[in-house]
Amino acid sequence: MEELASLATIILAQDKGRRLSKYQLKDQIRIVFQHDGIIKFFTHFKKEHGIKNTKLGDSNNMSFSSAKLKAAEIYKKNTSSHTFEFVVNKQIENLQSINKHSPSKLAETTVTTYTSYLNAIQNAFGKNTLFQTITPEIIEATLDQLLTEKSGPHVAKLFEQMKKLWVFAKNKYNNGTNPFLEVDKNYISSRTAKPIPCKAYTDISLISQLYINLKTAKNNTLINAVLLMMFTGLRPINICNLRLSYIDDLDNPKFLTFPETTHTTRGAMKNQKEFKIQLTPEMKKTIQQELKLNPDINRTYLFCKVKDDSKPISKESLNRALKYHAPKDMVVASRDNINIKGSAGAFPTLLRSFLKSHMKEVLTKKHSSSTIAEIESKKMLHHSVSDHDPMSKHYDHSNKIYNTDIKALYKNFSLFENEILKEVKIQAKLKNKTAKKSFLKFDYSNKFIVKVKSTVSAYSTFWGNILQPTRKLKKSRPMHILE
């Protein structure tokens with residue numbers, strides 16, 4: 001208290017004529033120094049707490065430590081009634097605010113995903129449960145119950161969101177305490193197996209058969225989407241959300257550019273960097289077919305839903321279209337290794353996986369270097385290849401000046417396209433040969449059946465002529481002769 005008084009004397013001596021305040025944010029107190037030497041104490045709660053600030057007392061009847069205790073008591077009394085539902089809603093509002101002010105940091109789709117996790121957490125603890133009553137024991141019991149109801153990977157995601165929820169709420173709604181700090185950070189991972197990545201793959205003969213099947217199908221939006229995904233290796237979400245504004249010229253498309261992230265908008269690609277592709281003949285043909293199919297150039301997306309062209313096609317629709325036209329056993333792998341998506345058949349990222357695997361082999365032969373092949377195949381998938389020097393990209397403007405990487409990418413995508421089309425010719429010949437053999441077999445069988453029928457008919461006529469008199473004789477005999 002003496003320290004505050006001496007501090008007040010110095011401040012007032014320097015700034016006569018105006019009252020000064022000092023904020024103790026940690027203690028949630030505002031200290032007001034007056035010219036008469038009296039020090040007044042007020043609460044200082046943030047707006048999101050929803051607690052009205054009041055006067056606690058002054059230096060005539062209260063010490064600073066007493067003011068701290070009283071402020072803490074008021075805070076606890078007003079926040080102890082917050083339910084789990086209230087706190088979860090505040091966290092959702094916080095996420096939405098981050099997305100609104102900085103969409104490049106947090107995507108709207110991510111907010112939707114996190115909201116679903118938070119709602120599941122809320123249901124697990126109980127909507128009307130008072131947030132301040134949650135203890136480490138209750139958290140562990142809730143996690144144990146979740147493990148009996150849901151898969152391990154899903155509970156692991158909920159576990160991560162719980163930790164973020166308490167970090168957000170500890171100072172605002174839990175009196176500065178975080179019970180999660182007393183829960184073992186490996187509480188879930190020690191009880192569940194790590195998810196194993198799906199090891200399914202396919203080869204060029206099956207990819208070419210898929211191409212043949214797609215070409216014989218009706219030329220609709222989903223078929224065009226699958227074909228473009230096949231030749232570009234783009235993620236399904238990028239195909240679905242491909243906007244007309246990404247195409248340089250709708251009358252004569254030459255480039256496809258996915259924008260990078262900025263301060264106000266989120267980039268289209270996963271790594272938030274620009275990805276520009278010079279269109280190969282097959283890519284261009286697919287885009288032109290879709291533009292011809294839906295000539296409305298005022299729509300947002302290239303591939304739209306049939307019933308509502310203001311919305312893009314869904315990933316599930318893309319998945320179904322691929323599965324429907326995929327050749328038998330397109331997914332090559334032991335069933336034991338296909339344990340996540342696509343366990344029942346083909347799935348869209350299979351095309352992306354094929355591009356990486358096949359082009360690494362092709363480029364290794366071309367450059368006689370697996371290292372160069374690895375880098376080039378990564379670039380085709382728009383994966384980062386400058387981890388050793390993160391700042392290098394800030395100095396690299398070769399694409400804008402010379403189109404360096406874009407030209408190299410075009411050569412690789414053209415090579416990839418030619419590899420598929422070459423195999424398509426081979427598979428088409430094999431298919432025609434097999435069909436011809438089957439037809440000849442079927443034709444021979446038909447001729448044989450006709451010949452047999454003819455022979456049987458001839459024999460029937462011959463034996464019929466021989467047996468006819470006998471039959472007549474039998475009919476003309478008296479009954480007693482047969483006895």
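1. pLDDT is the predictor's confidence in each residue, on a scale from 0 to 100. In this predicted model the protein chain has an average pLDDT of 83, and 80% of the residues score at least 70. Local features here need pLDDT of at least 70 and side-chain atom pairs count only at pLDDT 80 or more, while totals for chains, interfaces and linings use all residues. Residues are numbered from 1 along each chain as its sequence is written, and side-chain values use heavy atoms, with hydrogens and water left out.

2. Residues 340–345 stay under a pLDDT of 50, and the model gives them 11 contacts beyond four places in sequence, a contact meaning heavy atoms within 4.5 Å. Residues 469–483 are also below 50, and this stretch has 1 contact beyond near neighbours in sequence. Where pLDDT is low, the predicted coordinates should not be read in detail.

3. Helix H12 (residues 349–367) packs with helix H13 (residues 370–380) at an angle of about 140 degrees, their axes being 8 Å apart. Angles under 35 degrees count as roughly parallel, over 145 as roughly antiparallel, 65 to 115 as roughly perpendicular and the rest as oblique, and H12 and H13 are therefore oblique to each other. Among the residues making the contact are Leu355, Met359 and Leu363 of H12 and Ile372, Ala373 and Met380 of H13.

4. Of the 13 aromatic pairs in the structure, where ring centres must lie within 6.5 Å and planes under 30 degrees apart count as stacked, over 60 as edge-to-face and the rest as tilted, one is the stacked pair of phenylalanine 84 and phenylalanine 125, at 4.9 Å centre to centre and 15 degrees between the planes.

Definitions and conventions
Axes fitted to C-alpha atoms, helices over the stretch in contact; angles between N-to-C directions. Helix = DSSP H or I, 4+ residues; strand = E, 2+ residues; numbered from the N terminus. Phe/Tyr/Trp six-rings, centres within 6.5 Å; stacked < 30°, edge-to-face > 60°.
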